[in-house]
Amino acid sequence: MNITRTEFDDLYIIKPTIFEDARGYFFESFHQKKFEDATGIECEFVQDNQSRSVYGVIRGLHMQVPPMSQSKLVRVLKGEVLDIAIDLRKDKPTFGKSFSIHLSAENKHQLYIPRGFAHGIAVISDEAEFFYKCDNYYSPENERGIMYDDASLNIDWEIEVEKRIISEKDGKNLAFSSFNSPF
């Protein structure tokens with residue numbers, strides 16, 4: 001697997017080595033030791049989640065705050081998403097900046113998102129199945145959200161406004177300026 005640094009500390013793109021033949025393909029989607037050796041990050045995933053969404057769905061921007069903050073390893077099993085990560089770590093030069101990447105079943109790329117980031121996806125294929133590992137358990141009382149369309153974040157979600165599908169819960173997320181980051 002090829003693990004690539006981004007301009008954000010501890011945010012990594014993982015591109016697996018894919019072995020293909022007439023039968024299909026095989027790849028390691030995660031290898032703890034290889035990941036730790038390449039990044040210096042020790043993490044133990046404790047929860048796996050999967051969602052299915054149709055074109056136009058935007059989920060996010062979500063995070064959990066301490067003591068239940070989470071790192072995530074995300075990938076797409078079917079379709080394609082635009083994946084967005086927002087750095088909420090006040091002591092980093094990338095605070096308040098966003099990172100985006102296309103993840104798809106075709107490219108099989110993954111994104112490791114460390115604690116201290118908000119995360120969201122936009123489904124840009126007819127449908128998508130999204131899978132992610134977390135290093136901490138889901139905690140509703142520690143869950144927070146930032147408005148996906150906050151003008152100060154200047155995110156291009158690649159979906160026309162009238163075609164966006166947002167949950168009622170995500171429609172009530174905070175403006176970035178009113179989010180007091182605990183990271």
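**Reading a predicted β-rich chain: a dialogue**

Q: Where is P67 found?
A: P67 is found in the loop between β6 and β7, where strands are DSSP runs of E with at least two residues, helices are runs of H or I with at least four residues, and both are numbered from the N terminus. The model is a predicted one, in which local features need pLDDT of at least 70 and side-chain atom pairs count only at pLDDT 80 or more, while totals for chains, interfaces and linings use all residues. Residues are numbered from 1 along each chain as its sequence is written, and side-chain values use heavy atoms, with hydrogens and water left out.

Q: What kind of peptide bond joins P66 and P67, and what kind joins G60 and L61?
A: The bond between P66 and P67 is cis, with omega about 10°. A cis bond also joins G60 and L61, where omega is about 5°, and L61 lies in strand β6, residues 58-64.

Q: How many helices and strands does the protein have, and in what order do the elements run?
A: The protein has one helix and 13 strands. Read from the N terminus, the order is β-β-β-β-α-β-β-β-β-β-β-β-β-β.

Q: How should one read the radius of gyration of the protein?
A: The radius is taken over C-alpha atoms and set against a globule rule of 2.2 Å times the number of residues to the power 0.38. For 183 residues a compact globule would have a radius near 16 Å, and the protein agrees with this because its own value is 16 Å. Along the principal axes, the C-alpha atoms fill a box of roughly 50 × 40 × 30 Å.

Q: What share of the residues is buried, and how much surface does the protein expose?
A: Buried means under 20% relative accessible area, exposed means over 50%, and partly exposed lies in between, with a 1.4 Å probe and protein chains only. By that rule 49% of the 183 residues count as buried. The protein exposes about 9,500 Å², with carbon and sulfur atoms supplying 47% of it; the areas come from the Shrake-Rupley method with a 1.4 Å probe, and for residues only the protein chains shown count as cover.

Q: How do the side chains point along strand β5?
A: In a regular strand the side chains alternate between the two faces of the sheet. Along β5, residues 47-54, Q47, N49, S51 and S53 point to one face and are buried, whereas D48, Q50, R52 and V54 point to the other and are not.

Q: Over how many bridges does β5 pair with β12, and over how many does β7 pair with β12?
A: Two strands pair if DSSP finds at least two bridges between them. Strand β5 pairs with β12, residues 127-134, in the antiparallel sense over eight bridges, and strand β7, residues 72-78, pairs with β12, again in the antiparallel sense, over six. On the β5 side, R52 has E129 as its bridge partner in β12, and Q50 stands opposite F131. On the β7 side, K78 stands opposite E129.

Q: Which residues are in contact with G120, leaving aside its neighbours within four places in sequence?
A: Contact means heavy atoms within 4.5 Å. With those neighbours left aside, G120 is in contact with R59, G60, L61, L82, D83, I84 and W157. G120 lies in strand β11, residues 117-123, and counts as buried because its relative accessibility is 1%. Across the protein, residues 24 or more positions apart account for 80% of the contacts with a separation of 6 or more.

Q: Where does D9 lie, and where is the place of D10?
A: D9 lies in the loop between β1 and β2, and D10 has its place in the loop between β1 (2-5) and β2 (12-15). D9 counts as partly exposed because its relative accessibility is 36%, and, neighbours within four places aside, D9 is in contact with R89, K92, P114 and F117. D10, with a relative accessible area of 30%, is partly exposed, and the phi of D10 is near 70°, a positive value in a residue other than glycine.

Q: What is the phi of E158?
A: E158 has a positive phi of about 60° although it is not a glycine. E158 is placed in the segment after β13 (143-145) and is partly exposed, with a relative accessible area of 38%.
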